[in-house]
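Work through the exercises below with the sequence and the structure in view, and try each task before you read its solution.

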Amino acid sequence: MGGGVEKSFASTAAGDITTPKDKEEDVSLTDLKKRMADFAKERDWDQFHSPRNLLLALVGEVGELSEIFQWKGEVPKGLPDWKDEEKEHLGEELSDVLLYLIRLSDICGIDLGKAALRKLQVNAIKYPVNLCKGSSKKHNQIVNTSFPATTSNGSGSVEDGVGVSHDGV
């Protein structure tokens with residue numbers, strides 16, 4: 001990730017970072033954010049961690065994650081037919097995406113945990129259970145008289161400052 005933003009946060013020397021498994025506890029976004037800031041600072045990589053560079057690196061990692069699923073068709077939950085090595089590789093790519101996302105949010109001054117909780121609240125309003133349970137319709141395709149007024153951005157989509165995909169995320 002240094003002069004190479006392309007270097008992965010996951011590719012560190014053994015023993016470089018204590019894992020939650022070693023501590024037998026869950027890891028928090030705050031802990032990951034601090035560890036990543038320390039990781040970058042120790043290597044003098046802050047100079048490369050602009051929002052643009054981190055975003056492009058994140059997109060690259062999402063591409064690598066996509067490649068894992070590219071020709072597998074639909075995959076059942078739990079990945080029952082996958083080999084341990086495939087699951088380990090998936091975990092590494094998911095981790096790269098998560099770590100870049102956390103680092104990007106930190107560099108941009110966004111509290112990712114609070115933003116995610118706010119997003120869940122917004123989605124609960126946009127997608128009330130009684131109107132959308134079992135449906136994949138986008139929020140502007142369901143009738144919800146309790147949703148606050150929004151404005152059109154001219155493209156036919158509704159703008160309220162929070163983008164939501166058809167699956168409520």
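Three exercises follow, and they all concern a predicted model.

**Exercise 1.** Work out how the directions of helices H3 and H4 relate to each other, and describe where they touch.

*Solution.* Begin with the geometry: helix H3, residues 51-69, packs against helix H4, residues 84-107, at an angle of about 160°, and their axes are 9 Å apart. Because angles over 145 degrees count as roughly antiparallel, H3 is roughly antiparallel to H4. The crossing of these two helices is left-handed. Next, look at the residues that meet, among them Leu54, Leu58 and Phe69 from H3, and Leu90, Tyr100 and Ile107 from H4. Sorted by class, the contact of H3 with H4 has 16 nonpolar, one polar and five charged residues.

**Exercise 2.** Find where Asp44 and Leu79 lie, and decide whether Leu79 is buried or exposed.

*Solution.* Take Asp44, which is found in the loop between helix H2 (29-42) and H3; its phi is near 55°, a positive value in a residue other than glycine. Then turn to Leu79, which sits in the loop between H3 and H4 and, although not a glycine, has a positive phi of about 50°. Finally, since buried means under 20% relative accessible area, Leu79 with its 14% relative accessibility counts as buried.

**Exercise 3.** Classify Cys108 and Cys132 by their accessibility, and state how many disulfides there are.

*Solution.* Cys108 has 41% relative accessibility and therefore counts as partly exposed, whereas Cys132, at 12%, counts as buried. For a disulfide, two cysteine sulfur atoms must lie within 2.5 Å, and by this rule the count is zero.

Definitions and conventions:
Residues are numbered from 1 along each chain as its sequence is written. This is a predicted model: local features need pLDDT of at least 70, side-chain atom pairs count only at pLDDT 80 or more; totals for chains, interfaces and linings use all residues. Side-chain values use heavy atoms; hydrogens and water are left out. Buried means under 20% relative accessible area, exposed over 50%, partly exposed in between (1.4 Å probe, protein chains only). Axes are lines fitted to C-alpha atoms, for helices over the stretch in contact, and angles run from 0 to 180 degrees between N-to-C directions. Helices (H or I, at least four residues) and strands (E, at least two) are DSSP runs, numbered from the N terminus. Angles under 35 degrees count as roughly parallel, over 145 as roughly antiparallel, 65 to 115 as roughly perpendicular and the rest as oblique. A crossing is left-handed if the near helix is turned anticlockwise from the far one by less than a right angle, and right-handed if clockwise. Contact means heavy atoms within 4.5 Å. Ala, Val, Leu, Ile, Met, Phe, Trp, Tyr, Cys and Pro count as nonpolar, Asp, Glu, Lys and Arg as charged, and the others, Gly among them, as polar.
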